Amino acid sequence: MPTNILMPALSPTMEKGNLAKWLKKEGDTIKSGDIIAEIETDKATMEVEAVDEGVLAKIVVPEGTADVAVNEVIGVIAGEGEDAKSISAPAAGGAAPAKAEAPKAEAPKAEAPAPAAAPAASAASAPAAAKLNGSRPFASPLARRIAKDAGLDLAAINGSGPHGRIVEKDVEAAKKGGGAKAAPAAAPAGAPAAKPAAAPLAAGPSDEQVKKLFAPGSYEEIPHDNMRKTIARRLTEAKQTIPHFYVTLDCELDALLKLRAELNTAAPEKDGKPAYKLSVNDMVIKALALALRAVPDANVSWTDGAMLKHKHADVGVAVSIPGGLITPIIRDAEQKTLSQISNEMKDYAARAKARKLKPEEYQGGTTAVSNLGMFGVKDFAAVVNPPHATILAVGAGEPRVIVKNGQPAVATVMSVTLSTDHRAVDGALGAELLQAFKGYIEKPMAMLV
């Protein structure tokens, strides 16, 4: 029987993706492992390989389509002995997701399985939401979360997505127009008590309210891509759900700059080039990782049920790319040499700009570094990126007049600000971590032993 190709989940947080390109056309023979399409997520472009064999009978979602929901049918493979030309719609059952080539770990299961083919008029004529197995409304994960936050009953919302699936715009329309009843207030007798829904995030002015503030024709509308939407959502959630606390201090850099120059001069050559070229940022990453090892109570992540105390310092590093930023992670940074950290960062930065990072290379981590010193920024406060409990904002090193032994002197000084999730790392603990970091920066030989 025909097999549906589903939009794969390329990361644990992926809800939608752009079908950038089909690498096979209708009628092509497909073998297991063939690269069949390219999918763009908010962070990277991934190749997708087939897990079934047959003939690509139908391309359901054309290339260039944006915001395709995870587990949505994007194509159909005809099996052995089947007439590919006779297949014109997704077949019921037999659905098998395509496999993303880049991620090594198995993609997580989506919240809802792919739908079987429905009668042509079912989505339009259904009085309420389409059901899965006759009970659960068929909706995207994002639509479920929005409905939960707004206290709406999905069963009372008509879905406009494929096969009657409820998507984000359906829930938003129900919120504005009151087209859905409130969710039941209490669970049936004997059922376990449900956790109260979190309060919905505060809403800003609507698109139309903003546009009315400007003269028509005085601006150009540039639609948000998936990366910008994800950044906006995560930063809004972070600032509204994480109690931020900030600690700032100054670090003298002269000893570090001297050691860096000596190490770079002593770098062995490989293929006619130095085997490494250390940057100040490489040494900042190492210093923060060692500081977390020295102050392990700050190397944590907050959950409602427990504090997660990490055994290694996995340091994310903010990298600017067209349209936003991404944070590749140096794993076990406290155990790596400066040259290893430097070469990993160069590789990550190059692949990040080409959107070729794998999800496991930028997801997770225990802390992060954001460095704007190269832009001449003196100091700033960064936003904590969950599940991290800390992020270090690094400013530019500059000559400043300081007091040494009661006398004025000139030193190269860098200001750094540690943002913390105050639930997990309070002010005193944050200050202890920052003092440990300062110790490694001002006595950098300790990073080599």
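## Backbone conformation

In this predicted model, Asp332 is partly exposed, with a relative accessible area of 28%. The residue lies in the loop between strand 21 (329–330) and helix 8 (338–353). Its phi is near 50°, a positive value in a residue other than glycine.

Asn71 also has a positive phi, of about 75°, although it is not a glycine. Its place is the loop between strand 7 (65–69) and strand 8 (73–78). Asn71 has a relative accessible area of 15% and is therefore buried, the cut-off for burial being under 20%.

A further backbone feature concerns the peptide bond that joins Pro386 and Pro387, which is cis, with omega about 15°. Pro387 belongs to the loop between strand 22 (367–371) and strand 23 (390–404). For context, most residues other than glycine have a negative phi, and most peptide bonds are trans.

## The open sheet

An open sheet is formed by 6 strands, and their order is 13-24-23-22-18-21. The pairing within this sheet is mixed. Strand 13 (244–252) and strand 21 stand at the edges; each has a single partner strand, so one side of each is left without a neighbour in the sheet.

Strand 13 pairs with strand 24 (residues 407–421) in the antiparallel sense, over 9 bridges. Leu249 has Val416 of strand 24 as its bridge partner.

Helix 10 (residues 427–442) lies across strand 13, strand 23 and strand 24. Relative to strand 13, helix 10 runs at about 20°.

## Nonpolar cores

The largest nonpolar core has 56 residues. Leu392, Val416, Phe437 and Ile441 are the residues with the most contacts inside this core. Helix 7 (residues 280–294) supplies the largest share of the core, 9 residues. Apart from this core lies another, of 21 residues, among them Ala37, Ile39, Ala50 and Val61.

Which residues are in contact with Leu392, leaving aside its neighbours within four places in sequence? They are Val284, Leu288, Ala368, Val369, Ser370, Val416, Thr417, Leu418, Leu434 and Phe437. Val416 thus appears in two settings: Val416 is in contact with Leu392, and Val416 is the bridge partner of Leu249.

Definitions and conventions
Residues numbered from 1 in each chain as written. Predicted model: local features only at pLDDT ≥ 70, side-chain atom pairs only at ≥ 80, totals over all residues. Heavy atoms only, no water. Helix = DSSP H or I, 4+ residues; strand = E, 2+ residues; numbered from the N terminus. Buried < 20%, exposed > 50% of the residue type's maximum accessible area, 1.4 Å probe, protein only. Core = buried A, V, L, I, M, F, W, Y, C linked by side-chain atoms within 4.5 Å. Contact = heavy atoms within 4.5 Å. Pairing = 2+ DSSP bridges. Axes fitted to C-alpha atoms, helices over the stretch in contact; angles between N-to-C directions.
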